[in-house]
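Me: I've got this model open and would like a close look at a single part of it. Could you pick one strand and walk me through what surrounds it?

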Amino acid sequence: MALLETQNLTYIYGEGTPFRIAALQDVNLSVEKGELVGIIGHTGSGKSTLVQHLNGLLKPTEGKVLLNGEDIHASKSATRAARFKVGLCFQYPEYQLFESTVYKDISFGPRNMGLTDAEIREHVLRAAEFVGIKKEWMEKSPFDLSGGEKRRVAIAGVMAMEPEILILDEPAAGLDPRGRARVLGMIENYRLSTGKTVIIVSHSMDDIAEIASKVVVMQNGAPVLTGTVGEVFKSAEKLVSVGLDVPQLTRVFLRLKAAGVDVRTDIYTLPEAKRELLRLMQERGRAQ
């Protein structure tokens, strides 16, 4: 049984009005425990609307969302429980910081779960460690931090609830390359250390190629491609047809191949590119 599943999920904006539009159409998706699922698609493809259904923030017009086999909208208590078990971090989450100190902001979720002060502190410190928050930041105002530091505090606030599934909508959006690498690294470390399931929404093929174990490509409110990174990104023509592209590294190796260089073209990450270039250099060295 899948940890999280959607069955014929459909969501209509403006039902009964001239502005009616189907944001999601008959979506069937399953997520297994421990997976890191990347959801990609161009603007308006339904990515954000989909993930807002996965923790009950939006209610389907038709269909179901099942968590551990149970409909999250079966009752009010089931919906409330789902919002703690499926943690959702919105795009630009630093804009949602509001408490007077970093500690209070991170502890907001655990406090609303009804935990004791000691339990809250444990949750906060564990989450802070995952995202690299220094102890001396705890009594600072979050508004005194840099943009990347605020992003980490906001993500820690969701991690502190210790959900079964962590969903992040464009977690690296707007960050410089160093900040982006730091955020992606902490997310991967979190998944590997806890065994928790992570879902990332992104428009960056490179980010998804780097850390995802499964990829879902959305178009017009429905998945059009689902599979491993290799299975999805080898369908370059299909990705281009839905307004996307393969990772930059893949494009480099496709051009090398087209120029007559004998290289693999199923290259999606920097470590893979390094290994392939070293292989090519060694073969050429032996040939000489």
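Reply: Here's a walk around strand 7, starting with the strand and moving outwards.

Keep in mind that the model is predicted. Strand 7 covers residues 165–169. Five of its five residues are buried, so the strand is largely enclosed by the rest of the structure. Both of its faces are covered: I165, I167 and D169 sit on one side, with L166 and L168 on the other, and all of them are buried.

Now for the neighbours within the sheet. Strand 7 belongs to an open sheet of six strands with mixed pairing, ordered 6-7-8-3-9-10. The edges are strand 6 (86–89) and strand 10 (222–227), each of which pairs on one side only. From one strand to the next, the twist averages 20°.

On one flank, strand 6 runs parallel to strand 7, and four bridges join the two. You can pick out the register by eye: L88 stands opposite I167, and C89 has L168 as its bridge partner. On the other flank, strand 8 also pairs with strand 7 in the parallel sense, here over five bridges. In that pairing, I167 stands opposite I199. If you want one residue to centre your view on, try I167, with L88 opposite it in the one pairing and I199 in the other.

Next, the helices. Helix 1 (residues 47–54) lies across strand 7, and also across strand 3 (36–40), strand 6, strand 8 (197–202) and strand 9 (214–219). Its direction is about 155° to strand 8. That helix has a second sheet to deal with too: it lies across strand 1, strand 2 and strand 4 (62–67), running at about 120° to strand 1. Those three are part of an open four-stranded sheet with antiparallel pairing and the order 2-1-4-5. Its edge strands are strand 2 (21–31) and strand 5 (70–71), each pairing on one side only. Strand 1 (residues 4–13) pairs with strand 2 over seven bridges, and Y13 stands opposite I21 there.

Helix 2 (residues 76–85) has a shorter list: it lies across strand 6 and strand 7, at about 60° to strand 6.

Then there's helix 6 (residues 177–194). Its 18 residues should span 26 Å at 1.5 Å a residue, and its end C-alpha atoms are 26 Å apart, which agrees. Its buried residues are G179, V183, L184, M186, I187, E188, Y190 and R191. Strand 7 is part of what covers them, along with elements including strand 3, strand 8, helix 4 (117–131), helix 5 (147–159) and helix 7 (205–211). Just after helix 6, G195 takes a positive phi of about 75°.

Helix 5 is worth following a little further. The axes of helix 3 (residues 102–112) and helix 5 come within 6 Å and cross at roughly 35°, in a right-handed crossing. V102, D105 and I106 from helix 3 meet V153, A156 and G157 from helix 5.

Finally, the wider packing. The largest nonpolar core has 51 residues, of which I133, V217 and F233 touch the most other members. Helix 5 gives the most to this core, with six residues. Apart from it lies another core of 27 residues, including L9, V31, L67 and V86.

How values were computed:
Residues numbered from 1 in each chain as written. Predicted model: local features only at pLDDT ≥ 70, side-chain atom pairs only at ≥ 80, totals over all residues. Heavy atoms only, no water. Pairing = 2+ DSSP bridges. Axes fitted to C-alpha atoms, helices over the stretch in contact; angles between N-to-C directions. Contact = heavy atoms within 4.5 Å. Expected span 1.5 Å × (residues − 1). Buried < 20%, exposed > 50% of the residue type's maximum accessible area, 1.4 Å probe, protein only. Core = buried A, V, L, I, M, F, W, Y, C linked by side-chain atoms within 4.5 Å. Left-handed = near helix turned anticlockwise from the far one by under 90°.
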